[in-house]
Amino acid sequence: MTTLALTINGRAYGPMDVRDELTMNDFLRETLGMTGTKFGCGAAQCLSCAVIVDDPNGTSYTSPTCIVPAVGFNGKSIRTVEGHARNGELSPLQKAFVSHFAFQCGYCTAGFLNESQVLLERLARNPVPRDKLEATITEALDGHLCRCTGYIRYHEAVRDVILADPELYLAP
Amino acid sequence: MLGEKPNRSFIPLALLVFAGALVADAAAQSPSNGLRSPESFATIVDESRRSQALFTELGKVLTHPRCLNCHPVGDRPRQGEHGRLHQPPVARGPDGFGLDSLRCPICHQSANFDPGRVPGHPEWHLAPFEMGWHGKSLHDICVQIKDPARNGGRSVTDLTHHIGDDTLVGWAWAPGFGREPAPGTQKEAGALVEAWVKTGAACPD
């Protein structure tokens, strides 16, 4: 057993003792009941289980949870799909996903949403020229699998959010 | 005909010699998934040939999947016993630790995580691009490993410490659930490198 304390969507959890063998996915879904994070392939190949990790240096990145021990997140601050909406209002990305009908079954959506949010935050720090935007989005979402083949709609939804605020996300 | 009868006294002698040869050969062979010691090559009188034989023995480690998978030729690591391309489709990135969107240490923790079948080490990353071995002959690997421009700027003496002491290299002998360890031990591999260097670091033909 190892003591685990972390922050999820701005709220502190722990310290609590967890088994060293417990995956982060099981910790979120079974221990905390936060089932928005999905369990897909169990091998970090579909990334439906990805969550956002906020690095102390101000950057963010996604991490799979199905193959990573919960104790590996000790002391970290993460965001899950449950943390995107504010006061019941969906985030711009969530709204874009809905308006583009990007998801069908929705199983991959949490992973795509978190990855797209990380992309927005990265572009806000390091904007890219418009002519590199498509490749940037493609590269960012690469690795996320959608069995309903919503790739293009996810891509278009993310692009719309970026183009809606070009001063923030695009280099002149 | 008398002349066609076998020489009965010769048969046991022949069997004895044959059996003796088998025993001697077995002693010279490395044990299953093991490595021969440098001393076992002492019977090779020619030093250059002995050096070649030492490197050939070391080659069992260098060409093992535990080593090859992270010494890919290209930007994609490999995995498994058959060197299939890594899934998810990660890439080397500018520093060998992956792209910004998926860094190696995000999944590969500081130690193996067997419940997730994920290998780990605090410095988990790919060998530099110029140190790619996958698919190359042992001769080519040998020439490459001696070339400071393609071995991380190391002298052949430095290789003894890299292969014999580096803890990331050492992971190959403790790779976690479901993965075959590299042959022998890291200490034995280091001893082979040291003996190979002392005998002139000759490469196999």
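**Figure 1. Pro129(A), an exposed residue in a loop of chain A.** Welcome to this predicted model; our tour starts with a single residue. Pro129(A) counts as exposed because it has 10 C-beta neighbours inside 10 Å, and a residue with 12 or fewer falls in that class. You will find Pro129(A) in the loop that links helix H3 (109-125) to helix H4 (133-141) of chain A. Setting aside residues up to four places away in sequence, Pro129(A) touches Leu170(A) and Ala171(A). Arg79(A) lies 50 residues from Pro129(A) along the chain, and 28 Å separate the C-alpha atoms of these two residues.

**Figure 2. Domain 1 and domain 2 of chain A.** The domain assignment splits chain A into domain 1 (2-82) and domain 2 (92-169). Taken over C-alpha atoms, the centres of the two domains are 22 Å apart. Where they touch, domain 1 of chain A contributes 15 residues and domain 2 of chain A contributes 13 residues. On the domain 1 side of this contact, strand S3 (51-54) and strand S4 (60-63) of chain A each supply at least two residues. S4(A) gives the most to that side, with three residues. Sorted by class, the domain 1 side holds eight nonpolar, six polar and one charged residues.

**Figure 3. The largest nonpolar core.** Nonpolar side chains tend to be buried together in soluble globular proteins. Here the largest nonpolar core has 51 residues. Ile67(A), Ala70(A), Phe97(A), Ala157(A) and Val158(A) are the residues with the most contacts inside this core. Among the elements giving two or more residues to the core are strand S1 (2-8), helix H1 (24-31), helix H2 (92-99) and helix H5 (151-163) of chain A, along with helix H4 (104-107) of chain B. H3(A) gives the most, with six residues. Both domain 1 (2-82) and domain 2 (92-169) of chain A give residues to this core, so it lies between them. For a closer look, pick out Ala157(A): leaving aside neighbours within four places in sequence, Ala157(A) is in contact with Ala96(A), Phe97(A), His100(A) and Ala102(A). Apart from the largest core lies another, of 27 residues, including Leu58(B), Ile163(B), Ala189(B) and Ala195(B).

**Figure 4. Where chain B touches chain A.** This contact takes 17 residues from chain A and 14 residues from chain B. On the chain B side, strand S4 (102-103) and H4 of chain B are the elements that give two or more residues. By class, that side has eight nonpolar, four polar and two charged residues.

**Figure 5. Helices H6 and H8 of chain B.** To place this view, note that chain B has eight helices and four strands. Along chain B from the N terminus, the elements run α-α-α-β-β-β-β-α-α-α-α-α. A pair of packed helices is described by the angle and the distance between their axes. The axes of helix H6 (residues 156-165) and helix H8 (residues 186-198) of chain B come within 7 Å and cross at roughly 170 degrees. Angles over 145 degrees count as roughly antiparallel, so H6(B) is roughly antiparallel to H8(B). Among the residues that meet are Leu159(B) and Ile163(B) in H6(B), and Ala189(B) and Val193(B) in H8(B). The residues of this contact divide into six nonpolar, five polar and three charged.

Key:
Residues are numbered from 1 along each chain as its sequence is written. Chains are lettered from A and ligands numbered from 1 in the order in which they are written. This is a predicted model: local features need pLDDT of at least 70, side-chain atom pairs count only at pLDDT 80 or more; totals for chains, interfaces and linings use all residues. Domain bounds come from an automatic or database domain assignment. Two residues are in contact if their C-beta atoms, placed from the backbone, lie within 7 Å. Ala, Val, Leu, Ile, Met, Phe, Trp, Tyr, Cys and Pro count as nonpolar, Asp, Glu, Lys and Arg as charged, and the others, Gly among them, as polar. A residue is buried if 20 or more other C-beta atoms lie within 10 Å of its own, exposed if 12 or fewer, and partly exposed in between; C-beta atoms are placed from the backbone. A nonpolar core is a set of buried Ala, Val, Leu, Ile, Met, Phe, Trp, Tyr and Cys residues joined through C-beta atoms within 7 Å. Axes are lines fitted to C-alpha atoms, for helices over the stretch in contact, and angles run from 0 to 180 degrees between N-to-C directions. Angles under 35 degrees count as roughly parallel, over 145 as roughly antiparallel, 65 to 115 as roughly perpendicular and the rest as oblique.
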